[in-house]
Amino acid sequence: MNGAFVMELRQIRYFIEAAAREHITQASEALHVAQSAISRQISLLEDELGVALFSRKGRNIQLTQAGKIFLEHAERGLIEFDKAQQKIKEYLNPDTGLIRLGISTSLSVHTLPIVLQNFHSTHPGIDFQLHQGTVPYLIRLIEQGSIDLAFASPVPKHHEVVRSSILYTERMVLLMPKQHEKAGHGSIQLSQLKKERFITFRSKLSLQELFRDACRQAGFTPNIVFEGEDMDTIKSLVSSNFGIALMPENAAAYNLPETIAAVPLSAPKITRSVGVIRPRDRDLAPSEQLFSLFIDEFYDRLHRFGQ
């Protein structure tokens, strides 16, 4: 039975590689396996399934509709099998493993490099694989089993797929050139800036929604002259007097050009939550549990020492 199981797994690996490259020769080179062996295993797989997975076009191959359906599930199954092997190794030795960590787009976790460095110094056998995207995208990756944990903002509440914990809350501040007439005069009400040109994050990111909501509270529709997702680009545009921007306080403080002033908002006061999301329907592996506990303790120390 073990031999049959190994053969079946090999068939699936060969099939996925061939599907990705649409060429048996290229698949054989990538896998360092003879073309005849790949063709033979795929034929056996097709015989067992009772359906053609590929259509042949000269030297190229192309997935049939049945092949596309099988590929979707085969890839997911292979991910789960590889993860199962990894998790067994971790249970045998919790100080080894790979943590797939997500970071939501536009989230500048200024302490994250310190967290990873400190954790790695005490657990050198545990590696990280980082993924970045919107919070809905990261939730889909967690649901698929592609990642295990993610730093997220905003932190979703009462979600059926993930459970959440808030690490900290940060204020939003205004970035404007220091020569701006309203810079250097303490806090500002957003309603005072209704005639300004605004630089903001792109529309699918939560920070623009937060910004637009703040403008609604202040009673105006903002004149947005640029939408982006890179914080350094936004800072550079503010520095060149292209417009002003609303940005999370921690992100604003990191690598802030000397030509820019970070000005607090007196009204409306806007904050956003930053936290960690974890799968709701499965337990974390030992290495992931170690890191999850480390994160909680790290930020708890930051709060207690007022940093």
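The legends below describe close-up views of a predicted model. Residues are numbered from 1 along each chain as its sequence is written, and side-chain values use heavy atoms, with hydrogens and water left out. Local features need pLDDT of at least 70 and side-chain atom pairs count only at pLDDT 80 or more, whereas totals for chains, interfaces and linings use all residues.

**View 1. Domain division of the chain.** The chain comprises domain 1 (9–75), domain 2 (78–168 + 273–306) and domain 3 (170–272), with bounds from an automatic or database domain assignment. A distance of 52 Å separates the C-alpha centres of domain 1 and domain 3.

**View 2. The buried and exposed residues of helix 5 (residues 112–122).** Helices (H or I, at least four residues) and strands (E, at least two) are DSSP runs, numbered from the N terminus. L112, V115, L116 and F119 are buried (under 20% relative accessible area, 1.4 Å probe, protein chains only). These residues lie on the same side of helix 5 because they cover an arc of only 95 degrees around the axis, taken from the directions from the helix axis to the C-beta atoms. The face turned away from the buried side carries P113, Q117 and S121, which are exposed (over 50%).

**View 3. The cover over helix 5.** Strand 3 (97–104), strand 4 (126–133), strand 5 (149–152) and helix 10 (286–304) are among the elements that cover the buried residues of helix 5.

**View 4. Surroundings of Q86 in helix 4 (residues 65–92).** Q86 is partly exposed (between the limits of 20% and 50%), with a relative accessible area of 22%. Apart from neighbours within four places in sequence, Q86 is in contact (heavy atoms within 4.5 Å) with G97 and L98. The C-alpha atom of I260, 174 residues away along the chain, is 47 Å from that of Q86.
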